[in-house]
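Me: I've just opened this one and don't know my way around yet. Can you walk me through it?
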Amino acid sequence: MHLIHHILPLICLLFLQVLSQDEAVGDKYLLGVGRADVTGPVVEIGMMGYADLAQKGSGLRQRIHSRAFIVADVNSPGDRFVYVSVDVQSGDTAIRDGVLKGLEAAFPGVYGQNNVAVVGTHSHAGPGAWLNYLLPQITTQGFGSQSYTAIVEGIVLSIKRAHTSLTPGYLSLAKGLVSDANVNRSPYAYEANPAEERAEYGDVGGDVDKEMTVLSFKKEDGTPLGLLNWFPVHGTSLYGNNTLIAGDNKGYAALQLEKDLGNGFVAGFSQANVGDTSPNTLGPVCQDTGLECRYEDSTCNGVSQQCRGRGPAFQISDTESCRIIGQTQYLGAKRIYNSAQTPVSGDGGIVRSLHTFVDFGAGYEFKLSNGSMWKTCKAALGFSFAAGTTDWPGFADFTQNDPGAPSNPFWLLVRDLLKTPTKEQKDCHAPKPILLNVGEMDQPYAWTPNIVDIQMFRVGQLAIIVAPGEATTMAGRRWKAAVADELDKLGIISKESGWTVIGGPANSYTHYIATPEEYAIQRYEGASTLYGQFTLDAYISLYKTYAPYLAAKVPSTPLPTGTKPPINTNNSISLITGVVQDSPPLGKSFGSVLTDVMGPYQIGAMVKVVFVGANPRNNLRLEGTFAAVEKNESGTWARVRDDTDWNLVYEWKRTEELTGQSKVTITWTVESGTPAGQYRIRYYGDSKALFGGKITAFEGVSGVFNVV
Ligand SMILES: *[C@@H]1O[C@H](CO)[C@@H](O)[C@H](O)[C@H]1NC(C)=O
Ligand SMILES: *[C@@H]1O[C@H](CO)[C@@H](O)[C@H](O)[C@H]1NC(C)=O
Ligand SMILES: *[C@@H]1O[C@H](CO)[C@@H](O)[C@H](O)[C@H]1NC(C)=O
Ligand SMILES: *[C@@H]1O[C@H](CO)[C@@H](O)[C@H](O)[C@H]1NC(C)=O
């Protein structure tokens, strides 16, 4: 009797403790985070994003990375997903295919179509030539296996690191506003959306989402592992004339937060409903006159070339604007990460994922909100696609419209393949006038995807929409609201406590996803919406249809795989030539100093040294560095800066074509806070011999200089 008296309160106490523990930290999961280098060839390769043949790499500002986040069910670890945020322009069908093959070889049966999402941060400052379809290959002279392999292997390595670090822990959510990091670059199209709908979003930024959602990963004992956040802003801070490889504003933000928190903390700055956003927060201005651009079509005197968006530091440089937009996201994420958290929990810690392919080109049929049936079209791009945006004018080769002699030899190969759209295709895309009938072109292989990836993840009260394209601000909101409604209706996640995020462009690059109202306006985003005016509605219909697969008890029929897309890696055209040879000038050797440092240098000064160089395509030095700053610390030289540092820049230039001579310039702008002392610069290179092609590593070291 009195034993019960003693035990009962104890049991109650225990029960209460378990309860409050649960409330405070949520359900327990298996969590893993990992980061790896994906920096492909930094010189001589067309860059990805601006579709400009002239934009070829000339060096490296900051290495780019893949960041992997694994969430698994503790009780059923087979139920897991991996969300990858990678510093490239977008997810891609061939990249994802390579990643899945790499994962299958390393962990048979663990990762597959359903549970792997590859989401691009949408940086426009990375090497190109890695994409599956022909259209984005045009301005990179085709496919390049070195670019492709660097990204695939880097993503796989980041996932392996996350996998081997899996540990029990807790997730939590928080959100907050991040101001001054994005604006809408097509407000005229945005305003075509209904006024009542727009009014609902006044608090989160109006014509762009200024709200950042942060998902925090912590070990059981509270040790931080990393965070993944979603915030929409284009990776176009660095303009289309930048030729130094970097991860643009999100790449900078991620490295800054990781350096700040240290201890292997992995910070994923995922892209979200990025479509009509811009980091050029001071808005577009006519470069020639300084006047405002025309609101409706962003032209100056009738042409789009002069209308350019300005970043916060436009009077200094796009580089400084990029750093500021990155810094704003880094500090915003850190603030939200340190704010009050909502623990992640639901259905006893289950984890769900789904994926299927749908052939939009075959005409996916679905019901519109007015009850009529509708069908998606084969992909096509409209006229305004060629005009580009205020972030940078578009397809230069095409808009110059020089019918006699296209400046890009790749167009010579493909121009005869351009197909006139059929009446059916034209009607399907109306009111978009078709410029590039890409979805009906499959010679020599498909130009753009007709098959799209449908994918969602769920952990607790969080649903993640993985979008295969750039949803505009309102498209993303509509999509999230529709999924949240459906999950509520199905009793899977209640609307009151649920969180929904959208990550993209993921898995495949299907260009833009605008609302039908924006589509009717046909600015760049509407013109680049590939499958007709109701492309968004088609996606929403599919994501709702498959929402039951996020429930604790999933439907008994497994989700069909769908029509697999073609993988073009083995049959892609490539006009990219390899490195022939490197040689030093007479009387010099690789790594010799041509122009040495001077000094002393003060904070803010630029240290510069020029070396006898060799082509960095000989060895990408993944997970390593081309450039380093070393400091004399009581007689030993310690590395204090490397390729992950924004202010240490590596540039390469071929100086003699035939003999393969080149020079490398390394500059370091001394950051505030740099301690005074003795420093030197080190260059890591690899040369290629003409005969036999043997690649040999070498190093060069500058003279010693003082920072005062
Ligand atoms: C790139 O273009 C911008 C805007 O037109 C210009 O201000 C800047 O000087 C250019 N940068 C380079 C490296 O040419
Ligand atoms: C529904 O909307 C579509 C597209 O605007 C239109 O073609 C169709 O006629 C509408 N159906 C009804 C019943 O109003
Ligand atoms: C491409 O070819 C390689 C080597 O033959 C093969 O291993 C790989 O599976 C092929 N890739 C595809 C997508 O067919
Ligand atoms: C490095 O610093 C030590 C003193 O801490 C000094 O003795 C040494 O000469 C320095 N090395 C060089 C190469 O300047």
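Reply: Sure. One term to begin with: a pocket here is an open set of grid points with protein on both sides within 12 Å along at least five of seven lines, and its lining residues have an atom within 4 Å of a point. Also, keep in mind that this is a predicted model.

Me: OK. Which residues lie nearest the centre of the largest pocket?
Reply: Lys 175, Glu 211, Lys 480, Trp 499 and Thr 500 lie nearest the centre. The lining has 28 residues in total.

Me: And what's the volume of that largest pocket?
Reply: About 600 Å³.

Me: Which element gives the largest share of its lining?
Reply: That's α12, with 6 residues. The helix α12 spans 473–489. β10 (211–219) and β28 (499–503) also supply at least two residues each.

Me: How does the lining of the largest pocket divide by class?
Reply: There are 14 nonpolar, 6 polar and 8 charged residues.

Me: Next pocket. How much space lies in the second largest one?
Reply: About 390 Å³. Its lining has 21 residues. Nearest the centre are Asn 114, Ser 353, Leu 354, His 355 and Leu 559.

Me: Which strand gives the most to that lining?
Reply: β18, residues 351–359, with 5 residues. By class, the lining of the second largest pocket has 8 nonpolar, 9 polar and 4 charged residues.

Me: Switching to closed spaces. How many cavities of 30 Å³ or more are there?
Reply: The count comes to 4. The largest cavity has a volume of about 350 Å³. It is lined by 26 residues, and the closest to its centre are Gly 49, Tyr 50, Ala 51, Phe 385 and Tyr 524.

Me: Which strands supply at least two residues each to the largest cavity's lining?
Reply: β22 (388–389) and β23 (392–393) do. By class, the lining of the largest cavity has 12 nonpolar, 11 polar and 3 charged residues.

Me: What lines the second largest cavity?
Reply: Asp 92, Leu 131, Tyr 133, Pro 136, Trp 447, Thr 448, Pro 449, Tyr 509 and His 511. That cavity holds about 50 Å³ of space. Its lining divides into 6 nonpolar, 2 polar and 1 charged.

Me: Now the ligands. Which residues are around ligand 1?
Reply: Tyr 239, Asn 241, Gln 287, Arg 308 and Trp 392. The protein covers 37% of the 360 Å² of accessible area that ligand 1 has on its own.

Me: Where do its oxygen atoms come up against side-chain N or O atoms?
Reply: At Asn 241, the distance is 2.3 Å. At the side chain of Arg 308, an oxygen atom of ligand 1 is 3.4 Å from an N or O atom.

Me: What about ligand 4? Which residues are around it?
Reply: Asn 632, Ser 634, Gly 635, Trp 637 and Gln 678. The protein covers 41% of the 360 Å² of accessible area that ligand 4 has on its own. The shell around ligand 4 divides into 1 nonpolar, 4 polar and no charged residues.

Me: How far is an oxygen atom of ligand 4 from the side chain of Asn 632?
Reply: It is 2.4 Å from an N or O atom there. A polar side-chain atom of Gln 678 lies 3.1 Å from an oxygen atom of ligand 4.

Me: Last one. Which domain does UniProt list for residues 543–707?
Reply: The unreviewed UniProt entry gives "Neutral/alkaline non-lysosomal ceramidase C-terminal" for that stretch. In the model, residues 543–707 are 2% helix and 39% strand. The end C-alpha atoms are 57 Å apart.

Terms used
Residues are numbered from 1 along each chain as its sequence is written. Chains are lettered from A and ligands numbered from 1 in the order in which they are written. This is a predicted model: local features need pLDDT of at least 70, side-chain atom pairs count only at pLDDT 80 or more; totals for chains, interfaces and linings use all residues. Side-chain values use heavy atoms; hydrogens and water are left out. A residue is near a molecule or strand if one of its heavy atoms lies within 4 Å of it. A polar contact is a pair of N or O atoms within 3.5 Å; within protein, one must be able to donate a hydrogen and the other to accept it, and residues adjacent in sequence count only if both atoms are side-chain atoms. Accessible areas come from the Shrake-Rupley method with a 1.4 Å probe; for residues, only the protein chains shown count as cover. UniProt positions are given in the numbering used here, feature names are shortened, and annotations may be inferred rather than shown by experiment. Helices (H or I, at least four residues) and strands (E, at least two) are DSSP runs, numbered from the N terminus. Ala, Val, Leu, Ile, Met, Phe, Trp, Tyr, Cys and Pro count as nonpolar, Asp, Glu, Lys and Arg as charged, and the others, Gly among them, as polar. On a 1 Å grid over the protein atoms alone, a cavity is a set of points where a 1.4 Å probe fits but cannot get out, and a pocket is an open set with protein on both sides within 12 Å along at least five of seven lines; lining residues have an atom within 4 Å of a point. Grid points are joined across faces, edges and corners, and a volume is the space filled by probe spheres set on the points.
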